[in-house]
Amino acid sequence: MSHPVVTDDRPRHAYSMMAPMACDSCSDEDSDRFDASFGTAWTVSCCGLVLSLAVLLASWVCTRTRPAAAILLAVVAPVTVFLAWAFFMGLVDWP
């Protein structure tokens, strides 16, 4: 008994949270600039989120030994997320 072969046309390496959409109404130059800037901005965004996680973990570690430092680090973690978003938005060359 033979089974039919099913091809999978889904993209293998798509971004997990955000993906640049094809700009159908843009010119090729605008689309190329957007694609080039998106890769750099995505890397900066991911690094910012990892930094935020590290700050949050440091806050948790400092909770018992240095409560004042833990509170400061807990406040800095969301600020780091906001800055990562702001850098991402600023680095992307929007068409």
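Me: What share of the 95 residues of the protein chain counts as buried, and what kind of model is this?
Reply: Of the 95 residues, 20% count as buried. The model is predicted. The cut-off for buried is under 20% relative accessible area, and partly exposed begins there and runs to 50%.

Me: What makes up the protein chain in terms of helices and strands?
Reply: The chain has two helices and zero strands. Helix 1 covers residues 28-61, and helix 2 covers residues 67-91.

Me: Why are helix 1 and helix 2 called roughly antiparallel?
Reply: Their packing angle is about 175 degrees. Angles over 145 degrees count as roughly antiparallel, and the two helices are therefore described that way. Their axes lie 8 Å apart. As for the residues of the contact of helix 1 with helix 2, 19 are nonpolar, six are polar and none is charged.

Me: How do you know that the length of helix 1 agrees with its number of residues?
Reply: Helix 1 has 34 residues, and at 1.5 Å a residue these should span 50 Å. The expected span uses one less than the number of residues. The end C-alpha atoms of helix 1 are 50 Å apart, so the two values agree.

Me: What does the same check give for helix 2?
Reply: Helix 2 has 25 residues, with an expected span of 36 Å. Its end C-alpha atoms are 36 Å apart, which agrees.

Me: Why is threonine 80 called buried?
Reply: Threonine 80 has a relative accessible area of 12%. The limit is under 20%, so threonine 80 is buried. This residue lies in helix 2. Leaving aside neighbours within four places in sequence, threonine 80 is in contact with Gly48, Leu51 and Ser52. Gly48 and Ser52 are themselves among the buried residues of helix 1.

Me: How do you know that serine 45 is buried?
Reply: Its relative accessibility is 10%, and buried means under 20%; serine 45 therefore counts as buried. Serine 45 lies in helix 1. Apart from neighbours within four places in sequence, serine 45 is in contact with Ala84 and Phe88, and both Ala84 and Phe88 are on the list of buried residues in helix 2.

Me: What covers the buried residues of each helix?
Reply: For helix 1, the cover includes helix 2. For helix 2, the cover includes helix 1. Among the buried residues of helix 2 are Ala70, Ala77 and Thr80.

Me: Why is alanine 86 called partly exposed?
Reply: Alanine 86 has 31% relative accessibility. Partly exposed lies between the 20% and 50% limits, so alanine 86 falls in that class. Alanine 86 is part of helix 2. Its C-alpha atom is separated by 8.9 Å from that of serine 45, 41 residues apart along the chain.

Me: How do you know which class aspartate 30 of helix 1 belongs to, buried or exposed or in between?
Reply: Its relative accessible area is 22%. Buried requires under 20% and exposed over 50%, so aspartate 30 is partly exposed. From aspartate 30 to proline 95 the C-alpha distance is 5.6 Å, with their positions 65 residues apart in sequence.

Me: What makes up the largest nonpolar core?
Reply: Six residues form this core: Phe34, Phe38, Ala41, Trp42, Phe88 and Val92. Helix 1 gives the most, with four residues. To belong to a nonpolar core, buried residues of the listed kinds must be joined through side-chain atoms within 4.5 Å. Alanine 41 touches Phe88, Leu91 and Val92, not counting residues up to four places away in sequence.

Me: Where does cysteine 62 lie, and which residues is it in contact with?
Reply: Cysteine 62 sits in the loop between helix 1 and helix 2. Setting aside neighbours within four places in sequence, cysteine 62 is in contact with Pro67, Ala70 and Leu73. The C-alpha atoms of cysteine 62 and leucine 73 are separated by 8.9 Å, and the two residues are eleven apart along the chain.

Me: What share of the contacts with a separation of 6 or more comes from residues 24 or more positions apart?
Reply: Such residues account for 65% of those contacts in the protein chain.

Technical notes:
Residues are numbered from 1 along each chain as its sequence is written. This is a predicted model: local features need pLDDT of at least 70, side-chain atom pairs count only at pLDDT 80 or more; totals for chains, interfaces and linings use all residues. Side-chain values use heavy atoms; hydrogens and water are left out. Buried means under 20% relative accessible area, exposed over 50%, partly exposed in between (1.4 Å probe, protein chains only). Contact means heavy atoms within 4.5 Å. Axes are lines fitted to C-alpha atoms, for helices over the stretch in contact, and angles run from 0 to 180 degrees between N-to-C directions. Angles under 35 degrees count as roughly parallel, over 145 as roughly antiparallel, 65 to 115 as roughly perpendicular and the rest as oblique. Ala, Val, Leu, Ile, Met, Phe, Trp, Tyr, Cys and Pro count as nonpolar, Asp, Glu, Lys and Arg as charged, and the others, Gly among them, as polar.
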